Each structure stands twice: as structure tokens, then as C-alpha cells.
Amino acid sequence: MEKERNLPLQLDNEMGFTLYACSKELIRKYYTPVLERLELTYTAYLAMLALWEQDGVRVSDLGKRLYLDSGTLTPLLKKMEKQGLVERRRSEEDERTVRIFLTAQGRALRERAKPLLATLRHTLPDAPALFTQLKNLLRGL
């Protein structure tokens with residue numbers, strides 16, 4: 001049995017896959033039911049969190065903050081714009097730069113989200129200890 005755990009090119013032996021699968025299951029089980037009530041995907045929720053912290057950021061900076069490339073971020077922002085949550089504006093200083101701004105609806109969503117998402121902290125298994133370990137792992141990478 002020990003020998004099988006060390007075999008290369010086995011899906012179950014890949015740390016990246018294990019983290020990926022855990023992340024997907026965590027999102028599916030805990031976040032998705034709450035976020036559906038807010039009409040947000042998990043990725044849109046992450047974008048909203050970043051924008052609630054700092055409105056009017058450049059698209060490129062938002063992508064870096066969320067670890068998303070432009071091929072993923074641009075369609076997401078277009079969808080969020082259609083939902084009325086954000087507005088994309090070209091910078092007056094440099095028209096090559098696009099900034100993302102929350103709309104009034106996007107700002108109001110934060111207040112709706114607070115009580116719904118606050119419950120997650122109490123329902124996630126081993127949340128504080130696990131969160132600390134994961135943050136340390138990310139910093140190490």
C-alpha cells in the first residue's frame with residue numbers, strides 16, 4: 001500500500017489535484033448554496049470581495065489579486081456588468097487601461113451578503129486552523 005502512494009503519474013498522488021478537488025468540494029458544499037441566493041458564482045463573489053475592499057481598480061490588478069488571467073476575468077466582468085454589479089471604464093489618463101467600478105447595486109449587494117456569508121465561518125469544518133495552514137501554504141508557494 002505504501003508503495004502505491006509513491007508511484008508517479010497517479011492522480012491520487014498529486015498534491016495539486018488534492019488541493020484542487022478539496023477547493024471544488026468546499027465551494028460546492030458550503031459556498032454555492034449561499035451564493036446562489038445572491039446570484040453570484042464563486043469567482044464573481046471573489047471579484048466582489050476584492051472590489052468591496054478597493055473600488056476602481058485596474059482590470060490587470062484585479063486579475064493579479066484573484067490569480068485570474070484576462071481570458072477568464074474579461075468574460076466574468078462582462079457578465080457582472082450585465083448583472084448591473086460593476087461598470088468598466090477606460091482610464092482618462094491612459095485609454096489602454098480599464099478600471100472596474102462598483103455600481104450602487106454592487107455596493108448594496110455587500111450588505112445583503114454579510115449575514116448570509118457570516119454563517120459560513122461557523123459551518124466550515126476546522127475553519128480557523130485549516131485556514132491558517134492554507135494561508136501559510138500559499139505564502140510558501
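Start by selecting phenylalanine 17, which counts as partly exposed because its relative accessibility is 31%, between the 20% limit for buried and the 50% limit for exposed. The model on your screen is a predicted one.

Next, add tyrosine 20 to the selection. Its ring and that of phenylalanine 17 form a tilted aromatic pair, 6.5 Å centre to centre with 40 degrees between the planes. Both residues belong to helix H2, and because they are three residues apart there, about one helical turn separates them.

Stay on aromatic rings and select tyrosine 31 and tyrosine 45. Their ring centres are 6.1 Å apart and their planes are at 40 degrees, so this pair is tilted. The pair links distant parts of the chain, with tyrosine 31 in helix H2 and tyrosine 45 in helix H3, 14 residues apart. Are these two tyrosines buried or exposed? Tyrosine 31 and tyrosine 45 are both buried. Add Tyr42, and you have one aromatic cluster made of Tyr31, Tyr42 and Tyr45. In the whole structure, a search finds four aromatic pairs.

Now show the largest pocket, which holds about 2,100 Å³ of space. It is lined by 40 residues, and those closest to its centre are Tyr31, Tyr42, Leu46, Phe131 and Lys135. Colour the elements that give two or more residues to this lining, among them helix H3 (42-53) and helix H8 (127-140). Which helix gives the most? H2 does, with ten residues. Coloured by class, the lining shows 30 nonpolar, three polar and seven charged residues.

Finish with arginine 89, which lies over the face of phenylalanine 101, at 3.9 Å from the ring centre.

Terms used: Residues are numbered from 1 along each chain as its sequence is written. This is a predicted model: local features need pLDDT of at least 70, side-chain atom pairs count only at pLDDT 80 or more; totals for chains, interfaces and linings use all residues. Side-chain values use heavy atoms; hydrogens and water are left out. On a 1 Å grid over the protein atoms alone, a cavity is a set of points where a 1.4 Å probe fits but cannot get out, and a pocket is an open set with protein on both sides within 12 Å along at least five of seven lines; lining residues have an atom within 4 Å of a point. Grid points are joined across faces, edges and corners, and a volume is the space filled by probe spheres set on the points. Helices (H or I, at least four residues) and strands (E, at least two) are DSSP runs, numbered from the N terminus. Ala, Val, Leu, Ile, Met, Phe, Trp, Tyr, Cys and Pro count as nonpolar, Asp, Glu, Lys and Arg as charged, and the others, Gly among them, as polar. Rings of Phe, Tyr and Trp (its six-membered ring) pair if their centres lie within 6.5 Å; planes under 30 degrees apart count as stacked, over 60 as edge-to-face and the rest as tilted. Buried means under 20% relative accessible area, exposed over 50%, partly exposed in between (1.4 Å probe, protein chains only). A charge sits over a ring if NZ of Lys or CZ of Arg is within 6 Å of the ring centre and within 35 degrees of the ring normal.
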